[in-house]
Amino acid sequence: MKFLRLIEIEVEKIDKINKLDAAIIVANHPTLLDYIILTAHINDCLCIVKKEIWNNSILKNIVRPAGYMPNNMNPELILKCDNAIEEGSSILIFPQGTRSSLDDQQPIKSERGASQLALRTKTNLLVISIALNMDFLNKSHKWYMPTKQKPKFKIKYEETIHINKFLNNDYPISIQARKLNKLINEKLLRYNS
């Protein structure tokens with residue numbers, strides 16, 4: 001789409017991610033193209049996808065051969081992610097679990113999967129923001145709807161959340177995950193505005 005000049009993409013500091021150790025990448029999720037754009041710029045990146053996509057009669061033929069993983073937070077998924085991270089792959093997860101829209105009145109509220117995964121694999125989180133100048137391929141803009149202007153994406157590596165600050169054996173992992181998830185929500189909300 002970029003080649004055909006249907007969209008514009010501005011990328012900032014993403015090259016830094018390729019110089020860092022494998023991590024869990026968290027990003028807001030405004031469009032259907034987020035994963036495609038991110039993995040085009042990030043080396044060796046796997047994605048955790050919604051079970052609905054994993055089981056979709058068409059999309060499963062894309063996501064399964066690509067090595068993506070369904071988001072059922074079970075010991076098998078954690079082990080697969082841990083092994084992938086050990087081998088140098090980063091894991092991309094959209095903590096919101098669904099696409100957002102520019103006119104959403106609700107603040108970003110993420111599920112705790114990314115927090116649980118980071119704590120259980122003892123892996124840092126990299127926060128990426130995805131900004132868009134208009135609603136495009138999200139819940140309020142369907143793929144068949146024309147656009148009045150060219151969509152412009154701005155993708156930016158914002159910061160690293162160091163997991164060591166959240167690893168505390170005095171508290172159950174569920175409490176640690178809540179604290180970490182609250183921080184992820186704050187970061188994504190800040191960078192989504």
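Q: What are helices and strands here, and in what order do they run along the chain?
A: Helices of at least four residues and strands of at least two are DSSP runs, numbered from the N terminus. In this predicted model, the elements run β-α-β-α-β-α-α-β-α-β-α-β-β-α from the N terminus on. That gives the chain seven helices and seven strands.

Q: How do I read whether Lys-182 is buried or exposed?
A: Look at relative accessible area: under 20% is buried, over 50% is exposed, and values in between are partly exposed. Lys-182 has 53% relative accessibility, so this residue counts as exposed. You will find Lys-182 in helix α7, residues 173-192.

Q: And which class does Leu-59 fall into?
A: Leu-59 has a relative accessible area of 35%, so the residue is partly exposed. Leu-59 sits in the loop between α3 (51-55) and α4 (60-63).

Q: Which residues make a nonpolar surface patch?
A: Leu-59 again, together with Ile-58 and Ile-62; their patch covers about 290 Å².

Q: What about the chain as a whole: how much of it is buried?
A: Of the 193 residues, 45% are buried. The chain exposes about 11100 Å², and carbon and sulfur atoms supply 51% of that area.

Q: How do I read positions that are far apart in sequence?
A: Compare separation along the chain with distance in space. Lys-182 and Ser-115 are 67 residues apart along the chain, and their C-alpha atoms are separated by 9.4 Å. For the chain, take the contacts with a separation of 6 or more: 74% of them are between residues 24 or more positions apart.

Technical notes:
Residues numbered from 1 in each chain as written. Predicted model: local features only at pLDDT ≥ 70, side-chain atom pairs only at ≥ 80, totals over all residues. Heavy atoms only, no water. Buried < 20%, exposed > 50% of the residue type's maximum accessible area, 1.4 Å probe, protein only. Patch = residues over 30% accessible without salt bridge, like charges linked within 9 Å, V, L, I, M, F, W, Y side chains within 5 Å. Areas by Shrake-Rupley, 256 points an atom, 1.4 Å probe, with all protein chains shown as cover. Salt bridge = Lys/Arg side-chain N within 4 Å of Asp/Glu carboxyl O. Contact = heavy atoms within 4.5 Å.
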